[in-house]
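Good morning, colleagues. I should like to take a few minutes to walk through one structure. Please look at the display as I go.

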Amino acid sequence: MYNIKKNIDRLKRGEPTFFLEPNEVKEVKRYFKKDEFNIFKPFIEAEKVILYRDKLPKVVLFKIITKDSLRHQDILGSIFSLNIDKELFGDIIIDDNNYYFYLLESMKDYFLTNFNKIKNTYIELEEIDINSLKDYKRKFKELELIIKSERIDTIVSNITNTSRSKVKDKFKNKEVILNYEVLTNPSYLLKEEDIFSIRKYGKFKYIGKVKQTKKNNYIVKIHKYL
């Protein structure tokens, strides 16, 4: 709740918020009328946005220069290893083996100095035009799973190829995030458009049931973020 109050106070003072996730945007917007703020969205389908009043927030777009293949979770983990709060950077984009991320300009020099390695791979950062990816649309890998229930532990078990009993540890260890909040209830029934992440396995969007099988199981569709 402190993070919400902090951003509300910033907006009331005429300052832009930090990067906000969808659930945080919803909370902050409750305290303002629609004409009292604007939304800075770096690209069409950006999930992390900034609310502001008059002056556009100062944001930079970095391209990660590397010869090796990187995963979203590798980039995210390496950013967090710098003790960086999630509110200081925006979406990470992977597009045809090109890697990008948005960052508050105030953190630019710190990243240029300190962000030089992802896992065992040395990298360089190149600042590019902030509008370079404004028309970018998310890419997904489509998955179809056969399941007995829409319980999230069933889905996690299927995706990770892990037994249901061992999946419980993932919830206990806070490794499952649902709609940007830690989920501790393994019996939660997924709803269409729910977004969830599994540590080390990536980020997913639940699309919903496709059809029922003859054995009364369900075929469901899930999009994995690329």
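I begin with Arg138, whose relative accessibility of 12% places R138 among the buried residues, since the cut-off for that class is under 20%. Please bear in mind throughout that this is a predicted model.

Where does R138 lie? R138 belongs to the loop between β8, residues 124-128, and β9, residues 140-147. The side chain of R138 makes a polar contact with the side chain of D91, at 2.4 Å. Setting aside neighbours within four places in sequence, the residues in contact with R138 are F43, E45, E47, D91, I92 and Y225. D91 therefore appears both as the polar partner of R138 and in the contact list of R138, as the definition of contact, heavy atoms within 4.5 Å, would require.

Let me turn to a lysine. K205 sits in strand β13, which covers residues 202-212. Is K205 buried or exposed? With a relative accessible area of 18%, K205 is buried, because the class ends at 20%. Not counting residues up to four places away in sequence, K205 touches E193, D194, I195, I222, H223 and Y225. Y225 is thus named for K205 and also for R138.

Next, a residue in another class of accessibility. V182 is found in strand β11, residues 181-182. V182 has a relative accessible area of 44% and is partly exposed. Beyond the residues up to four places away in sequence, V182 touches K174, V176 and I177. As for distance along the chain, V182 and V25 are 157 residues apart, and their C-alpha atoms are separated by 17 Å.

I now come to the backbone. Most residues other than glycine have a negative phi. Which value does D96 take? D96 is not a glycine, yet its phi is positive, at about 50 degrees. D96 lies in the loop between β4, residues 89-95, and β5, residues 98-104. At 60% relative accessibility, D96 counts as exposed.

N216 also calls for comment. Phi of N216 is near 65 degrees, again a positive value in a residue other than glycine. N216 is placed in the loop between β13 and β14, the latter being residues 218-225. The relative accessible area of N216 is 53%, so N216 is exposed, the threshold being over 50%.

Let me step back to the whole chain. The secondary structure comes to 6 helices and 14 strands. Why may the overall dimensions be called consistent with a compact globule? For 226 residues, such a globule would have a radius of gyration near 17 Å, and the 19 Å of the chain agrees with that. Along the principal axes, the C-alpha trace spans about 60 × 45 × 35 Å.

Buried residues make up 46% of the 226 residues. Of the contacts between residues at least 6 apart in sequence, 58% join residues at least 24 apart. The chain exposes about 13200 Å², with carbon and sulfur atoms supplying 46% of that area.

Finally, the charges. The chain carries 46 positive and 34 negative side chains, and the centres of the two sets lie 6 Å apart.

In closing, I would return to the two buried basic residues: R138, at 12% relative accessibility, and K205, at 18% relative accessible area. Thank you for your attention.

Conventions
Residues are numbered from 1 along each chain as its sequence is written. This is a predicted model: local features need pLDDT of at least 70, side-chain atom pairs count only at pLDDT 80 or more; totals for chains, interfaces and linings use all residues. Side-chain values use heavy atoms; hydrogens and water are left out. Helices (H or I, at least four residues) and strands (E, at least two) are DSSP runs, numbered from the N terminus. The radius of gyration is taken over C-alpha atoms; the globule rule is 2.2 Å times the number of residues to the power 0.38. Buried means under 20% relative accessible area, exposed over 50%, partly exposed in between (1.4 Å probe, protein chains only). Accessible areas come from the Shrake-Rupley method with a 1.4 Å probe; for residues, only the protein chains shown count as cover. Lys and Arg count as positive and Asp and Glu as negative; His and the chain ends are not counted. The place of a charge is taken as NZ of Lys, CZ of Arg, CG of Asp or CD of Glu. A polar contact is a pair of N or O atoms within 3.5 Å; within protein, one must be able to donate a hydrogen and the other to accept it, and residues adjacent in sequence count only if both atoms are side-chain atoms.
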